[in-house]
Structure formats: C-alpha cells, structure tokens
Amino acid sequence: MSTTGDYTSVRAAIASLLKQPEYDDGSAGPVLVRLAWHSAGTYDASTDTGGSNGAGMRYEAEGGDPANAGLQHARVFLEPVKASHPWITYSDLWTLAGVEAVKQMGGPEIPWWPGRTDYVDDSKLPPRGRLPDGALGGDHLRHIFYRMGFNDQEIVALSGAHNLGRCHADRSGFDGAWVNNPTRFSNTYFKLMLEREWREKVLDNGVRQYVYYDEDAEEELMMLPTDLALTTDKAFRPWVELYAKDKERFFGDFSRVFSKLMELGIRRGEKGEVVNTDNVRGGYVS
Ligand code: DDH
C-alpha cells in the first residue's frame with residue numbers, strides 16, 4: 001500500500017497503465033485526458049458551480065450525460081490505481097491522470113496541485129449541456145468557454161488536445177482521428193487544419209464532419225465543425241497559425257491553460273490547501 005500523499009507513486013502507476021494494446025490506438029492516454037477535461041469543463045464562473053471538485057461523473061446524472069459517453073473506459077482504467085492508492089480522491093486522480101498522460105505522450109509538464117474532495121451533493125450536480133457540441137461553430141465555442149472564464153486564445157490552445165485520440169461512432173457519433181499519430185502530443189492538429197483540403201462528409205448515422213484522406217497513413221483523418229471554426233473565425237485564426245508554426249509556444253500555452261482548467265472552481269488557501277470541499281457554491285467551508 002502506498003504512503004498517503006505520495007503523488008510520485010500515483011503518477012508512476014498511471015504511467016504504467018497507459019499501454020493498452022487491445023484498446024483504440026494502443027493507449028489509454030487520450031481517453032484519460034478527455035476524462036480530466038470533462039470532469040472540469042462543467043464549470044460555470046457566474047454561479048461558481050461545476051468543475052473537477054466532487055468527481056460528479058461517478059453519478060448517473062453527470063456520468064450518464066451523452067457528452068460523457070465512453071469515459072467509463074477511462075474510469076475503469078484508473079480503478080487499479082485507486083485500489084493501490086486508496087487515500088487519493090477520485091477528483092485528484094482523474095485530473096492528475098490527464099496531466100500525467102499528456103506528459104507521457106510527449107507533451108508539456110502541466111502544473112497540478114492536489115486537495116480536491118469527492119464530497120458532492122448529487123442533487124446539485126451541474127446540469128447537462130455545459131460541455132461543447134462538435135456539430136456547432138464559433139459562437140457556441142465562445143458561449144461554452146467564456147462561461148468557464150477562458151478567452152479566444154485559450155480556446156484555441158485547449159483545442160490542441162485534439163492532437164490526441166479519436167472520435168468513436170458509438171460514443172459521440174463522429175468517427176476517426178484528427179492526426180495519424182494520435183498517441184503522441186504535438187501541434188500537428190493545427191498544421192493539418194491549415195494545410196489540408198477538408199471536405200464535408202455525412203456519415204451513415206447522419207452526422208456531419210470534415211475529412212481528408214492521408215495518403216501516407218492510408219487513413220482518412222477528420223475534423224469536427226468546431227475544429228474548423230477555429231480557422232474561419234478572424235479572432236481564432238491567428239492563434240491557430242501561431243501554434244502551427246511554433247510548437248514550443250503551443251506547449252507552453254497548453255500547459256498553462258490545461259492547468260487553469262483543472263483548477264476551475266477550486267479555491268485554495270495560503271498553503272495551497274483547497275478550502276471549498278464541494279463543487280457547488282458554499283460547500284462545507286465558504
Ligand atoms: Fe474533445 N472531443 N472536444 N477536447 N477530446 C472528442 C475527443 C477528445 C470536442 C468534442 C470532442 C476539447 C474540446 C472539444 C479530447 C480533449 C479535449 C470527441 C470524440 C468529441 C466529439 C469523443 C468520442 O467519440 O469518443 C469539442 C466540440 C470541443 C470544443 O468545442 C472545443 C478540449 C478542450 C480537450 C482537452 O483535453 C483540453 C481528447 C483527448 C479526445 C480523445 C478521446 C479519446 O477517447 O480518444
């Protein structure tokens with residue numbers, strides 16, 4: 001059994017479960033990053049509700065949101081880590097797993113602090129509909145991410161996470177990967193977005209996405225309507241161009257905004273300790 005507070009041991013346990021030859025592209029990494037993001041991305045700054053505190057996805061109200069379809073795989077991957085480190089909260093484990101997965105897949109180090117609690121009043125879970133819908137456009141992106149307290153540049157930087165993983169027809173309805181090496185963190189997503197001729201494709205299930213056939217990979221790559229909105233919107237596009245050119249800048253900005261995402265709704269005291277124990281305003285300590 002590990003020592004309470006030994007996050008180095010938790011990180012090592014996460015790193016050692018990433019390789020999953022039978023799963024997707026052979027890695028649990030991308031779906032762990034998505035779990036971390038969806039656990040935090042329910043935050044609403046105006047009511048100070050939602051966010052990673054509470055690990056509300058353990059409950060049907062949040063876990064059963066169609067936007068979270070497939071994330072049970074990520075939670076199941078992490079169960080052995082919780083079993084060998086029972087002192088860690090789910091909310092800390094899920095956020096740390098995302099941070100560690102990015103690093104292990106060749107991405108930047110992301111500052112992360114522990115202390116989240118699993119206390120949640122499940123009658124007060126954030127309403128569904130707070131996570132983005134890939135079928136929509138730039139206005140929707142702003143509506144969703146401004147609500148969390150992000151600006152246009154931060155929206156573009158965060159979207160760069162789509163260098164990782166893939167869409168699954170049985171989860172979101174969209175299908176395919178954004179890049180041909182989806183378990184390696186990079187800025188390829190931004191490059192492809194600008195450099196390739198994307199054409200609209202309506203899938204058999206009626207879902208509309210954009211595709212491009214990559215001859216080298218002999219694979220069809222995809223973009224969501226929300227992804228390509230980053231290239232057509234005047235305010236988003238310069239950031240796409242910058243990140244396509246400057247990988248270091250993207251890595252630095254991604255690290256900062258992902259860290260900010262993981263901290264949404266978490267209030268810390270002078271020593272970095274979390275002073276609100278709930279994911280709803282006025283938890284036990286206000
Ligand atoms: Fe995403 N994402 N995401 N995404 N996302 C999907 C997969 C992954 C949107 C829609 C989808 C972020 C932003 C957006 C990851 C990380 C992040 C899928 C496919 C859809 C759809 C799900 C499936 O079928 O399995 C939309 C829309 C947005 C937006 O509006 C900006 C952000 C901010 C992140 C982040 O991590 C910071 C990752 C990783 C995946 C791959 C998951 C997997 O299983 O593989």
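Which helix supplies the largest share of the lining of the largest pocket? In this predicted model, that place goes to H2, with six residues. The pocket itself holds about 910 Å³ of space. Of the 40 residues that line the pocket, Arg-34, Trp-37, His-38, His-162 and Leu-224 are the closest to its centre. H2 is joined in this lining by H6, H7, strand E1 (166-167), H9 and H11, and each of these elements supplies at least two residues. In chemical character, the lining divides into 24 nonpolar, 10 polar and six charged residues.

The ligand brings some of these names back. There are 26 residues around the ligand, and those that come nearest are Leu-141, His-162, Arg-166, His-168 and Ser-172. His-162 is thus among the residues nearest the ligand and also among those closest to the centre of the largest pocket. A polar atom in the side chain of His-162 lies 2.9 Å from a nitrogen atom of the ligand. Trp-37, also one of the residues closest to the pocket centre, has a side-chain N or O atom 3.1 Å from a ligand nitrogen atom. With Arg-166 the backbone takes part instead: one of its polar backbone atoms is 2.9 Å from an oxygen atom of the ligand.

Helix H6, one of the contributors to the pocket lining, deserves a look of its own. H6 spans residues 138-148, and eight of its 11 residues are buried, so the helix is largely enclosed by the rest of the structure. The buried residues are Gly-138, His-140, Leu-141, Arg-142, Ile-144, Phe-145, Arg-147 and Met-148. Leu-141, then, is buried in H6 and is also listed among the residues nearest the ligand. What do the buried residues of H6 pack against? Their partners are helix H2 (29-40), helix H7 (152-159), helix H9 (225-232) and helix H11 (247-262). These four helices also appear, together with H6, among the elements that each give at least two residues to the lining of the largest pocket. Just after H6, Gly-149 adopts a positive phi of about 100°.

Enclosed space is found as well. The structure contains two cavities of 30 Å³ or more, and the largest cavity holds about 60 Å³. Its lining is made up of Thr-42, Ala-61, Glu-62, Asp-65 and Asn-68, along with Pro-126, Pro-127, Arg-128, Gly-129, Arg-130 and Leu-131. Four of the lining residues are nonpolar, three are polar and four are charged.

How values were computed: Residues numbered from 1 in each chain as written. Predicted model: local features only at pLDDT ≥ 70, side-chain atom pairs only at ≥ 80, totals over all residues. Heavy atoms only, no water. 1 Å grid on protein atoms, 1.4 Å probe; cavity = no way out; pocket = protein on both sides within 12 Å on 5 of 7 lines; lining within 4 Å. Points joined across faces, edges and corners; volume = space filled by probe spheres on them. Nonpolar A, V, L, I, M, F, W, Y, C, P; charged D, E, K, R; others polar. Buried < 20%, exposed > 50% of the residue type's maximum accessible area, 1.4 Å probe, protein only. Contact = heavy atoms within 4.5 Å. Near = heavy atom within 4 Å. Polar contact = N/O pair within 3.5 Å; in protein donor to acceptor, adjacent residues only side chain to side chain.
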